[in-house]
Amino acid sequence: MNEPILKVLDLVIKFSLRGRILTAIRGASLDLQHGETLAIVGESGSGKSVLTKSFIGMLDNNGWVDSGAIMFDGRDIAEYRSEKEWLTIRGRKIAMIFQDPMTALNPLRTVGLQISETLELHQGLRGASAKRRAVEILSDVGIPDAAGRYSQYPHEFSGGMRQRVVIATAMACNPEILICDEPTTALDVTIQAQIIELIRRLQRQYQLSVIYITHDLGVVASVADRVAVMYAGDIVELGTAEEVFYNSQHPYTWALLSSLPQLGIRGQPLYSIRGTPPNLFSDIPGDAFAPRNPRALKIDFEERPPYFTVSPTHVARTWLLDPRAPKVEPPETILAMRRKWRGARP
Amino acid sequence: MSTAARTQEPLLEVHDLRVEFGTRGRPFVAVDDVSFDVFEGETFGLVGESGSGKTTIGRAIVRINETAGGDILYHGRRINGIISRQLDREVTQKIQMIFQDPMASLNERAKVDYIVSEGLYNTRNYKGEADRQAKVEQALLDVGLLPEFASRFPHEFSGGQRQRIGIARALVMEPEFIIADEPISALDVSIRAQVLNLLADLQRRKRLTYMFIAHDLAVVRFITDRVAVIRKGQIVELARTEELFGCPLHPYTLSLLSAVPSPDPLVERERRAFVYDPGCHDYSVHGPVWAEVHPGHFVLGNEPELDSYRRTVDERHR
Amino acid sequence: MSTKLERQASLFTFAEYDAQAAERAGYSSYSYWGSTVRLFLRNKTAVALLIIMTVLLTFTVIQPYLPGQKSPLKIHTSPETGIQLRNVQPSPEFWFGTNSIGQDLWARIWSGTRTSLFIGLFVGLWTVVIGIIMGAIWGYVRQLDRLMTELYNVISNIPTTITLTLLAYILRPSVSTMIISMCATSWWTMARFVRNQVVIIRDREYNLASRCLGTPTQRIISRNLLPYLVSVIVLRLALAIPMAIGWEVFLTYIGLGLPLSIPSLGNLVNEGRQIMMAPILRYQLIIPAAVLSIITISFYVMGNAFSDASDPRNHV
């Protein structure tokens, strides 16, 4: 197995909020291989945005990395404290694009200038050569008449075009890793398909490694090589896309998949999870998902499960994989997925 | 969602509805001569992308937006434009709306008790304080919340719970027809299932009719009986849900369906999305009309297109 | 040993599932007003000034009833010589000294503060109440917007100075004239401000929902809109008070203020200003100016502190 380009080890991130301490990430570990797309799936409050923001030093002022490591380029970048250190990484080696293209772009400056600025800052290009390269990049991301649109303002672009501009700005410095935080959630489904296709093409063209944050499992199935499922600041399941979709092991993943209308049967109620994610201000004994899991074991409330190995590429943090655990039947939807997989494998 | 046999009498009829915004000189046409019916007991879906006009239609029905032309008939009576006070009150009680964003659709400074009772205070549809409290309690229980929540404020609840408070607020009026404007788009994935199940359950128990406005085709396929696809203020196709998904005719519908990702990696590998090009229609000689190409299946197109659609549908049904 | 194994084995059995407990888990203990008060109290300066102002206000009210207080209008003469006790320095007899015609400055200061505060509070309250009501209606009822905006554009372009001067001239200077004229001019700005705030929030979904439920305009304004404007309203109220007092001082400077028989901070400052070139007489300017400054600064700081505290964005 090759060395991963990014490796996160037991990361703990805390925030100070209204005088109390909130543990947003409670010991997450994952790795990103060269050239692959890793999707991080989670709902609000799962910590997926916080986790990736820590990779580029963009945690809010009241947040910090409490323990653990983020290994990139042979260094532990979780140790970085100054802006100067982060600027060697942010935008240059690791770039990030966000959900709302309108707020990511400066409405008072032309689109071309915003890209040229990045080029001047990180690659030392000046004037005409910066402009030439910027036009090149704009056309590369599929903006027609790039030379003309170079001098237009963000509001003159449609939502999908704006997101392309944002991607262009991120790609301007040939980063090694591109983090996409819900890049298509605010876009119509037809535009979403185009943006996903664009990112895929750029990935092939530039050998990018991509981290895709989303809550949309359809998008995950479409883009991901590997999937990490997050719940309450922890990664509860990690595996290839096929493994996580067709052979999921964690009850939360089961619940997530079973609640999708695409996989539901008309006329019958969808599998739904009652309650809400836990309060991250207090320490959570055991499995964070236990209170909402109708088939939780007593040990789920007492001791936090370790990662159990399902395959060399698939791990899950659930006591159900312990040999001592009783056999639990996943919901019908999951069983159907398993059957489908067994049928499809050669 | 509802497999109830529908009576032939439409509950809601929309004829050539037109809604415009902006200055009198150059108005922006948000809804452009739209016509459809909704039958009692069914779930009617209205699907479109942003800016298609679907929300505007819903708001025109509940009289939040003014109509510039056309009629909206409820039980055969015109409810748009200027109507009598009594009819206005009736419409307020019988037609209710559920909104999209649970974070914005509740009054943060009011207790849940007031929020849910607001409609009751307006229509005075209760027999005294004790009766009102009982109705609020029942509405909260109906949506799966605890009656003790009535004395709390909205910020103390999660998104899914807040959306359910919004549903309780509509339910307490004892409506017949509920327009759900993207009720689950702003919710987390696992909470969506809760709310969908709740809506289905309420429909069965209270014999409600729904108009479900959405942009998510997967959800629409799951819960609606009939669905209309709307683009830039015009409905381009309308059919029974399974018919539309099984035999889509209009190029826009086809493009929309091709773009929807499926939570199934094997399926995703094979899917190819294509973009809808409005230029594929030539309306210079024959203009587009709204016609029924198969019982219950309507499409917007000119004569040559409609002919080819009819052939496709007949092929399919053979 | 065997009990440990047994315990371990028993842990791998199913736990009881409480669906209602899952439902309750979403509760957060944040309280809007609680956070507001807590944030305000954290601002030590504002709290100190609040205490000072409360003491000051109480004192201005009870001062006349304390023993040994002199009348603010009485001209004091020396019992031996019969000459007026003019410009006496602050002393045990006259705590703030006397002014140029022998009146007790201590009594005048408190009487003046009473008058000025009365004017300030009255005008401030009027501005806020009428300004809010008119502004809310203006902002919410679309048909009124055009008319009111045109009216506002005309009226706001007439300098307040001119209006106040004119009214003082016509109606003759007195406390009620001052109040009437300031009330007439000040509510427009407040109304405009409230109107802008209302326009921002009137089309939010929760207001649409209220319309859908048939809620009448008046209740939408009182229950849906105004509670959101508390932060900005309190700030304007707190600033309106020193502003009204400031206008009174200004009018006194240009000779259209209250007559000397009605002491006010304005004419006390004015009297002091006229003789401030003589260093020994400066106390007649410094003392009223100090009182005026304390009042102005206090309201300003308290208003800002409360406004910041009641802004939900600061409640993190």
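Which residues are buried in helix 7 of chain A? They are A:M161, A:R162, A:Q163, A:R164, A:V165, A:V166, A:I167, A:A168, A:T169, A:A170 and A:M171, where a residue is buried if 20 or more other C-beta atoms, placed from the backbone, lie within 10 Å of its own, exposed if 12 or fewer, and partly exposed in between. This is a predicted model, in which local features need pLDDT of at least 70 and side-chain atom pairs count only at pLDDT 80 or more, while totals for chains, interfaces and linings use all residues. Residues are numbered from 1 along each chain as its sequence is written, and chains are lettered from A and ligands numbered from 1 in the order in which they are written.

**Helix 7 and A:P251 in chain A**

Because 11 of the 13 residues of helix 7 of chain A are buried, this helix is largely enclosed by the rest of the structure. Helices (H or I, at least four residues) and strands (E, at least two) are DSSP runs, numbered from the N terminus. The cover over the buried residues of helix 7 of chain A includes strand 6 (94-97), helix 3 (101-104), helix 4 (111-123), helix 5 (127-140), strand 7 (177-181) and helix 8 (189-206) of chain A. At 1.5 Å a residue, helix 7 (residues 159-171) of chain A should span 18 Å, and its end C-alpha atoms are 18 Å apart, which agrees; the expected span is 1.5 Å times one less than the number of residues.

A:P251 lies in helix 11 (residues 251-258) of chain A and is buried, with 29 other C-beta atoms within 10 Å. Leaving aside residues up to four places away in sequence, A:P251 touches A:F289, A:N293, A:R295 and A:T318, two residues being in contact if their C-beta atoms, placed from the backbone, lie within 7 Å. The C-alpha atoms of A:P251 and A:P330 are separated by 7.7 Å, although these residues are 79 residues apart along the chain.

**Domains and chain contacts**

Chain A is divided into domain 1 (6-224) and domain 2 (229-344), with bounds that come from an automatic or database domain assignment. The centres of the two domains of chain A, taken over C-alpha atoms, are separated by 29 Å. The table sets out the residues in contact.

| First side | Second side |
|---|---|
| domain 1 of chain A: 21 residues | domain 2 of chain A: 14 residues |
| chain B: 31 residues | chain A: 33 residues |
| chain C: 20 residues | chain B: 24 residues |

On the side of domain 1 of chain A that touches domain 2 of chain A, strand 2 of chain A gives the most, with 10 residues. By class, this side has 11 nonpolar, seven polar and three charged residues; Ala, Val, Leu, Ile, Met, Phe, Trp, Tyr, Cys and Pro count as nonpolar, Asp, Glu, Lys and Arg as charged, and the others, Gly among them, as polar.

On the side of chain B that touches chain A, helix 6 of chain B gives the most, with eight residues, and the residues of this side divide into 17 nonpolar, nine polar and five charged. On the side of chain C that touches chain B, helix 9 of chain C gives the most, with seven residues, and the division is nine nonpolar, six polar and five charged.

**The sheet of chain B**

In chain B, eight strands form an open sheet of mixed pairing in the order 6-7-8-3-9-10-12-11, where two strands pair if DSSP finds at least two bridges between them. Strand 6 (95-98) and strand 11 (289-294) of chain B stand at the edges, each with a single partner strand, so one side of each is left without a neighbour in the sheet. Strand 10 (residues 234-240) and strand 12 (residues 297-301) of chain B pair in the antiparallel sense over two bridges, and B:E237 has B:V299 of strand 12 as its bridge partner.
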